[in-house]
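I opened this entry to write down what I looked up, one item after another.

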Amino acid sequence: MAASTKKAPLDKLNDFYGAVNKTELELIEKEVLATTQSKLDWKYVQESLLGRNKGNEKYTNSIAISNSNNIGKEDPSLVLSPLKVSFASATLVGAAVYALFREPLVALLVLFFVFTLANRNPLDEENAIGAFFRIIGRFVLQVLYRTIPKLQSIARAIIADENHVEQQIIMLEDTIYQLQNENESLRRIIARRNKIDDMLTQYTVDELKAMARKANLPVSGTKDQILTRLVENGSL
């Protein structure tokens, strides 16, 4: 009978933790690579501006060692991939060229040229042009990543303010409707009062009482009160 190849629970647990550790190691590797490349670019540009030669392997290793002490301290959202950095730099420079010269073909050529230079390995470069473009790309992306949350907050505030304005408009419309109803009621009351005043001299108290008895209304009170009852009842 063939032996069972089913893994024990302990083996499955080890496989799981092995996969997790591999993922963490990949993230750490990307963070160290991105941070090291960023510092190399800054150093390379500084050395070029000062007229010095490109940093040697000893310098590169010293940066890598210093970065290992900062693992986990960087903002994960700002650990930028080389492709993103290159594309951001190329897009900015290409857009600037198009804004200046209004030549789409020239702008595309510049975009491709900048992307190619910025996407090169810093250790294989002979000048600081690629490093300069990568610094621009990182700056653009960092500004963008830090600005997006603020823009989202502003958008949420605008939407909330619009909702508040809509609620205020609805409340104002309700108030106007209530005032219109109240004004209509007041107009009816004034019209009835004017009618009563005009009819006071047309009838005597006895005539009004006779009409009130016929309409099954109270006959007590003054002439004005009896007449008011008759008008409200629709008998006059």
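**Helix 3 and what comes after**

I began at the end of helix 3, where Arg 102 follows with a positive phi, near 55 degrees; helices here are DSSP runs of H or I with at least four residues, numbered from the N terminus. I note that this is a predicted model, in which local features need pLDDT of at least 70, side-chain atom pairs count only at pLDDT 80 or more, and totals for chains, interfaces and linings use all residues. Residues are numbered from 1 along each chain as its sequence is written, and side-chain values use heavy atoms, with hydrogens and water left out.

I then looked up which residues of helix 3 are buried (under 20% relative accessible area, 1.4 Å probe, protein chains only), and found Val 85, Ser 86, Ala 88, Ser 89, Ala 90, Val 93, Gly 94 and Val 97. These buried residues pack against helix 4 (104-118) and helix 5 (129-199), contact being heavy atoms within 4.5 Å.

**The nonpolar cores**

Next I looked for the largest nonpolar core, a set of buried Ala, Val, Leu, Ile, Met, Phe, Trp, Tyr and Cys residues joined through side-chain atoms within 4.5 Å. I found nine residues in this core, among them Ile 196, Leu 208 and Leu 230, and its largest share, four residues, comes from helix 7. A second, separate core of eight residues includes Val 93, Leu 117, Ala 118 and Ile 136.

Last, I followed Leu 230, which, leaving aside residues up to four places away in sequence, touches Leu 208, Met 211, Ala 212, Leu 217, Ser 235 and Leu 236.

How values were computed. Buried < 20%, exposed > 50% of the residue type's maximum accessible area, 1.4 Å probe, protein only. Helix = DSSP H or I, 4+ residues; strand = E, 2+ residues; numbered from the N terminus.
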